[in-house]
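Could you walk me through this structure in the viewer, one selection at a time? I would like to know what to pick next and what I will find there.

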Amino acid sequence: MNQNNTINIRAIRNKKSIKKDLSLQPKNIHDQFYQESDDSEDEKILSKIGRLQTKKYKDKDFIGYDENLNKIQKKKQFQDTIDEFINKTENKDWWRVVRDELNNQDVVLSDKQLQMLDRIRTGKTAIKLADDYYFEHEDFNQFDLLSSYNPKRRFLPSKWERIKINKLVQGIKLGRIVLNPPQKVEKMFDIWENVAEDQVLSKYLPARIPAAKASLPSNVASYNPPEEYLFTEQEKQQWLQTDPEDRDIPFIPQKFKHLRNVPSSEQLTKDLFNRCLDLYLAPRIRRKKLMMKSTDFLPEIPKPEELKPFPTKLNFEFGQIDTTKSGQVKQISISQDGQLLGVCYEFAIAFFDTKTTKCLYTKWQSDDKQFLGLDFSQSGLICILQSNGFIILNSYIDKRQHPNVEDGEKANKQIQKNSNNVFEWNFELDDNVFQQLLEVKMPYDPLYVQFHSKSDYIVSTQPHTHVKSHCILVHSISKSSTSIPFQNMKASTEVQQTIFHPTKPELYIMTNKNIFIYSLTKQSLMKKLLAGNQQNSTIAIHPYGDNLIVGSNDQKVCWFDLDMGKTPFKKMSYHKNGVRRVIFHKTYPLFASCSDDGTINIFHCRISTDLNQAPVILPLKVLKQKKKESVMDVAFHPTQPWIYSASKEGVVSLWT
Amino acid sequence: MGKKIKKGKEGPVKEYSSRTKALKKLQVNLKDFRRLCILKGIYPREPPQKLRKQHKTYYHNKDIAFLKNESILDTFRQRQAHLKKIRKALTRGDKLKAGRLRRNQPKDKLDHLVKERYPTFIDALNDLDDPLCLISLFASFPTHKELHIPNTLIRNCQKMINQFLLYIAANNCLRKVFLSIKGIYYQAVVQGATITWIMPYPIQASLPLDVDYKIMMTFLEFYQVLMKFVNFKLLGQEIEITDLSEEVKKLKSIQQNNQMEIDEAFKEDPTIQQMDQQQQEIKKYSELFKGLTFFLYPEVPKASLEFVILSFGGEVMWENDNKNSQLTDPKITHVITERQIQKNKKREYIQPQWVYDSINQLKLLSVADYAPESTLPPHLSPFEQLNLEEVQSESEEEEDGQQKEHKPYQNNKKQKEKQAKQQEKETKKLAETMLSRKNKRLYDMIKRKEDEEQQKKNKLQEKKKMIQSKQQ
């Protein structure tokens, strides 16, 4: 019923259907109208309260009075709303039931009544008259006679429509227009079945750089992390204050009691979005990453025990000389065979036998003169520096003369004695244990002297000259002459020490800051080494001649590899005070440095002939003096791993 | 004398071109270029030192040439022409035509890109992390009209991820799981390739608006195609998944039927023995939960637990219309819940973290710590396992040291140890002085990093001690 009803209503609304139904309508419109409307006249009304509002009886248990003034009791249809609801569900016609308050009853509306209601609602006449259309337009069109005729075009098919349809049809036929194209059902297939097919392509492309994988989460990211990972109040504040880009952890770690308490976060979406951006926007490059621990870098060091022998402890102290008279030690030196140890005090020179530790000979200086240094040559000559000149002795007792000196004596006789000559050579024999062979007088104090390996040439350094070019002097014994190799010296250079190269004809000149290497054959500067120190104090060259050490007053010892450039290969700063002397051992791979802080450092230095291998330098031992006096000079025994040291007080000690 | 070479015409500089140049060369707009790059997997490269100062993005010329020959570029142009047609129809008021044209827009076909980017299957597996993350993220999204996230996309993503999870569960590939704040991390080993991905928690996701979803969806477009082929290769068929556990059972039965038995003659071959070993290792994973049946209460993440338990050989049940899975079932050995409920003595009551922790440690942990009423032990990241052990061992050492202090007769030994340690320190110092300048710089850098890490560890240790002392 319900469905039919709605269909009817729809049909009424539709004007076209009304036109079609015209013939079906009854001819007498008025008949139909009155037939239906008459019904309402016969209805009886129980309650005769007139126009009084029913509200007035709302609280009472009756609804009004009937013809005989009897009260009409209220009839309650349902106990409560639940009953009403149940009724609704059971009664299919509940929606068309209307409560008639006056008659105290429910009225079920009939289909016709519903139709009427619908018509009223849509603004039409309550009852369907013959033709709505006719009624609406009759008054306006009654004089329009032509309107009753349809024009011809209404009966002919439209030309333009035909053209358009033809176009569409043609388009469909040709396939230009596709109406609802059939959806292709893709058949799945194994795309990687033929492997070798497309691999050629990658040849022509630049190497692919795969994106780095996203980092894996650590304990901090857990929903239930260990207690220590949570932020304290202080850390939280710190986290909030730092810039989002600088944060170690991009979120505040949280702890949830249960898994169900974890809220949904937008962080994941944001992170994945950033990852997407990285994938297509970030420039890629292949970088080598070192997956090494710091300990992998450390070279394997031989243990100090394996590098023995080297001096480790104090063996003996030489003490036969009255140090109050002799003054402090200037320099010590040891003869080439290791038998004699020469100690140069301020006012005395002592020679010790190294085997018996006996003092063989002492030479005292007169008060106005000082001893300044000494050096042993390979053939047994000893050069002793003193104020205004030096003397040369012969250490061998049985040999009264030395061939070089004899030559020199001959040469000296040939030279005509000029009064202008600054350097005086005297060949006078003396009857001592150690024979004095000759004496050279100079107008200034030489500070350092070194024999050339053939014991003919001596180079002496005298920094405090009034003539700058006389800083470095080379003396030839066989020619009994003194030459000035550097005529044009700058006033600013302060030469500290000059040494010969052990094998090549080269001269190493150490100034305050730099080291100059001069070739004696070419008479030119070969190389300049920059130590980077403020005040160089001492220099030593390795017996092989490829390496050099320089000590400075600013506590540093620099190792130069002459093949490796002009800057130090290694700088060592183990001393706490100025370095007094550095020396190499002639046979063992050792070198030592002594300093004003009272220590002697022994180093191991392994030099290989392979140029690719860098020299290995290892600090081995620190020898400490008892009284922490400054160590003035050290000397290695030429054949034994022993070192002799001389303190400022004049104590000479042997370390083995 | 040859011709004078102009700047930027020769050498490695010539191999790179900036983005604007590339756009000109390809004759596309920036939007299309972006899409093209994403689909083809082309990325900018760090140019030679000379160009780096200019703060532009540079592409390799060969990459651009590679893009130029792409067939998608044709469809781009076709689509542009098509859009013009639609616009024209609309301005003429021909809605019929416009609608028809709109329905018949040319579509990109991306199948060939998969083969191009990943020539072998293993390549694809190695690069599966990002696709899985993004697909599982979108599978959790609600449809959103304004952001143009259609329902079909979400459905497809769900299908893809479910298919993949099915393979993982059926083949026991899962290795590690980690419950983070953001989501659940899974790590699986598929045919030798380690794949790690994250899945959001099964809560209605809220979509942040400061994210460009179009870019993500372009990525997704390719990832969907890739996953489609990967899933097909893995499963060998297309499966619509409704019930994961049933599908897993089905697949496993198929696998058992297909298992080859090796002839005894070949069994001594070393490669086959190796294979045997591998299989036994995999057995460890597949038999962790063997014989256990878990009952899930509604408050626990059902999908995740089901997947995880199935892939380690367990069985899962939960309350639903299906009569087979009810709490009264005698098969049930473990009940996973987070609420305190009446207990049956025959069953173990645990919180979901027990499952994940047992998997990460590859043994069944004691149930008592994970009971619903007790506070859970901390959930640690399985990806950080190495560090953890170190920290533990260190702390043990320290404890040992403390114990030794009470025993006087061990003092001598201790002193000796001390001396040895000092010597070690000295030799280390010596060795440091031996380093060349170049190595020294590297050494210092690495040392600094190590020290920082060590400091962090120490800080954590201190904090831990503080907390422990407070609790006591």
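Here is a tour in a few stops, from one whole chain to the interface, the cores and two loops. Keep in mind along the way that this is a predicted model.

**Stop 1: chain A as a whole.** Select chain A and show it as a cartoon. You will be looking at 13 helices and 33 strands. Of the 656 residues in chain A, 40% count as buried. If you draw contacts between residues of chain A that are at least 6 apart in sequence, 47% of them join residues at least 24 apart.

**Stop 2: the interface.** Now bring in chain B and select the residues of each chain that are in contact with the other. That gives 88 residues of chain A and 106 residues of chain B. The area buried between chain A and chain B comes to about 8,600 Å², with carbon and sulfur atoms giving 65% of it. On the chain A side, show M188(A), W192(A) and Y280(A) as sticks: these lose the most area to chain B, together 10% of what that side buries.

Next, look for the charged and polar pairs. There are 8 salt bridges between chain A and chain B. To see one of them, pick R260(A) and E338(B), where the closest N and O atoms are 3.3 Å apart. Polar contacts between the two chains number 25 residue pairs, both residues being at pLDDT 80 or more.

Which elements of chain A should you colour here? Those giving two or more residues to the side that touches chain B are α8 (201-204), α10 (267-281), α11 (294-297) and β30 (616-624) of chain A. Start with α10(A), which gives the most to that side, with 13 residues. If you then colour this side of chain A by class, you will find 54 nonpolar, 15 polar and 19 charged residues.

**Stop 3: the cores.** Move to chain B and centre on F138(B) and W197(B). These two have the most contacts inside the largest nonpolar core, which has 128 residues. Helix α10 of chain B, residues 213-235, gives the most to this core, with 16 residues. What surrounds F138(B), leaving aside its neighbours within four places in sequence? Select I149(B), L153(B), I154(B), C157(B), Y213(B), M216(B), M217(B) and L220(B), which are in contact with F138(B).

Another core, of 20 residues, lies apart from the largest one; among its members are F390(A), W425(A), V440(A) and I458(A).

**Stop 4: a loop in chain A.** Go to T356(A), in the loop between β8 (348-353) and β9 (359-364) of chain A. Is T356(A) buried or partly exposed? It counts as partly exposed, because its relative accessibility is 44%. Show side chains, and you can trace a polar contact of 3.1 Å from that of T356(A) to that of D353(A). Then check the distance to Q339(A), 17 residues away along the chain: the C-alpha atoms of T356(A) and Q339(A) are separated by 9.6 Å.

**Stop 5: a loop in chain B.** Finish at P378(B), in the loop between α14 (353-361) and α15 (385-404) of chain B. With 37% relative accessibility, P378(B) also counts as partly exposed. Not counting residues up to four places away in sequence, P378(B) touches N224(A), P225(A) and P226(A) in chain A, along with Q353(B) and D357(B) in chain B. Between P378(B) and Q353(B), 25 residues apart along the chain, the C-alpha separation is 9.5 Å.

Key:
Residues are numbered from 1 along each chain as its sequence is written. Chains are lettered from A and ligands numbered from 1 in the order in which they are written. This is a predicted model: local features need pLDDT of at least 70, side-chain atom pairs count only at pLDDT 80 or more; totals for chains, interfaces and linings use all residues. Side-chain values use heavy atoms; hydrogens and water are left out. Contact means heavy atoms within 4.5 Å. Buried area is the accessible area (1.4 Å probe) that two parts lose on being put together, summed over both. A salt bridge is a side-chain nitrogen of Lys or Arg within 4 Å of a carboxyl oxygen of Asp or Glu. A polar contact is a pair of N or O atoms within 3.5 Å; within protein, one must be able to donate a hydrogen and the other to accept it, and residues adjacent in sequence count only if both atoms are side-chain atoms. Helices (H or I, at least four residues) and strands (E, at least two) are DSSP runs, numbered from the N terminus. Ala, Val, Leu, Ile, Met, Phe, Trp, Tyr, Cys and Pro count as nonpolar, Asp, Glu, Lys and Arg as charged, and the others, Gly among them, as polar. A nonpolar core is a set of buried Ala, Val, Leu, Ile, Met, Phe, Trp, Tyr and Cys residues joined through side-chain atoms within 4.5 Å. Buried means under 20% relative accessible area, exposed over 50%, partly exposed in between (1.4 Å probe, protein chains only).
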